[in-house]
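Q: Please take a close look at a single strand in this model and describe its setting.

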Amino acid sequence: MAKYELKTKVNKSSVEGFLNSVKDEQKREDSFKILEMMKKITKEEPKMWGPSIVGFGSYHYKYASGHEGDMCMIGFSPRKQSLTLYIMVGSDRFKSLMKKLGKYKTSVACLYIKKLEDVDQKVLKKIIAESFKYMNIKYK
């Protein structure tokens, strides 16, 4: 049986080139703000993961099924519907902060924001920092 090839892996594509290609002006501006926010918090250089995720740091995971791979510790993508932030530890870890964040949606490991002005950016920075800190402790 052929092994599954992950599409979401680090590559040498230009982060700035990708973000400059975002057609929606507000989403493009917000993406550059998130980029700077994450660079400052992580003290890492961003890398493209797959064709559309800007990621910081990396970790190796292995599931009980035997499936394993590498992923960014934290990242984001300016998707058509919303800005998607990959908070790998999940939002449940930040219940008190999430109450203060503003307008958003979540899934298991993603935080969806329509635009940055919908959320308290100080709270968002704290969530990003805490998530990155936790991932570094767990996977380094």
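A: What follows deals with one strand, its covering and its partners. The model is predicted, so local features need pLDDT of at least 70 and side-chain atom pairs count only at pLDDT 80 or more, while totals for chains, interfaces and linings use all residues. Residues are numbered from 1 along each chain as its sequence is written, and side-chain values use heavy atoms, with hydrogens and water left out.

The part in question is strand E6, residues 74–78. Helices (H or I, at least four residues) and strands (E, at least two) are DSSP runs, numbered from the N terminus. E6 is mostly covered, with 5 of its 5 residues buried. Buried means under 20% relative accessible area, exposed over 50%, and partly exposed in between (1.4 Å probe, protein chains only).

In a regular strand the side chains alternate between the two faces of the sheet. On one side of E6 are Ile74, Phe76 and Pro78, and on the other Gly75 and Ser77; all are buried, and both faces are thus covered.

E6 pairs with two strands, E3 and E7. Two strands pair if DSSP finds at least two bridges between them. With E3 (residues 53–56) the pairing is antiparallel, over 3 bridges. Within it, valine 54 has phenylalanine 76 of E6 as its bridge partner. E7 (residues 83–87) also runs antiparallel to E6, and 5 bridges join the two. Here serine 77 stands opposite threonine 84 of E7. The connection from E6 to E7 is a hairpin through 4 residues.
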